[in-house]
Amino acid sequence: SSGINAEWPLRPGEMKLVGDVRGRSAIIVDDIGDSCGTVLTASSLLKDSGARDVSAFLTHGVFSGRAVERINECEEIDHITTTNTINQQDRSTRPSKIRVLDISRVLYEHMKTLLNS
């Protein structure tokens, strides 16, 4: 197993890879993707270190400013999956590396269980 060691605020060159990703699929997990600078920096580090492909999973895809364009222009990341905790409808009609996972049913069932217990 491998990991990336990074502390916020992230400064250039401070992200360090621990382990070996050569020839492997790399997965980045993050809670919030706003400008997506951290995800794109990590994807570059992983690809430069020999990762075969890089995917990211974000709980909340904010995608502010030019984030969507930067993601689509980034050759190092294959795709990003985010949930629909933030409305992603305007992004779903254009070609993009961003995939949206609908979690409304999961949230509904969980809230129903909480309210009925």
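**Exercises on a predicted model**

Strand 3, helix 1 (residues 37-48) and strand 4 form a right-handed β-α-β unit; right-handed means that, with the strands pointing away from the viewer, the path from the first strand over the helix to the second runs clockwise. The model is predicted, with local features requiring pLDDT of at least 70 and side-chain atom pairs counting only at pLDDT 80 or more, while totals for chains, interfaces and linings use all residues. Residues are numbered from 1 along each chain as its sequence is written, and side-chain values use heavy atoms, without hydrogens and water.

**Exercise 1.** State in which sense strand 3 and strand 4 pair.

*Solution.* Begin with the elements: helices (H or I, at least four residues) and strands (E, at least two) are DSSP runs, numbered from the N terminus. Next, apply the criterion for pairing, namely at least two DSSP bridges between two strands. Strand 3 (residues 25-33) and strand 4 (residues 53-61) have eight bridges and run parallel. Finally, locate one position: A26 lies opposite V54 in strand 4.

**Exercise 2.** Identify the elements with the lowest and the highest mean pLDDT.

*Solution.* Recall that pLDDT is the predictor's confidence in each residue, from 0 to 100. The chain has an average of 89, and 87% of its residues score at least 70. Helix 3 (residues 89-92) has the lowest mean, 69, and strand 4 the highest, 97.

**Exercise 3.** Give the percentage of buried residues in the chain.

*Solution.* Apply the cut-off for buried, under 20% relative accessible area (1.4 Å probe, protein chains only). Of the 117 residues, 28% are buried.

Definitions and conventions. Buried means under 20% relative accessible area, exposed over 50%, partly exposed in between (1.4 Å probe, protein chains only).
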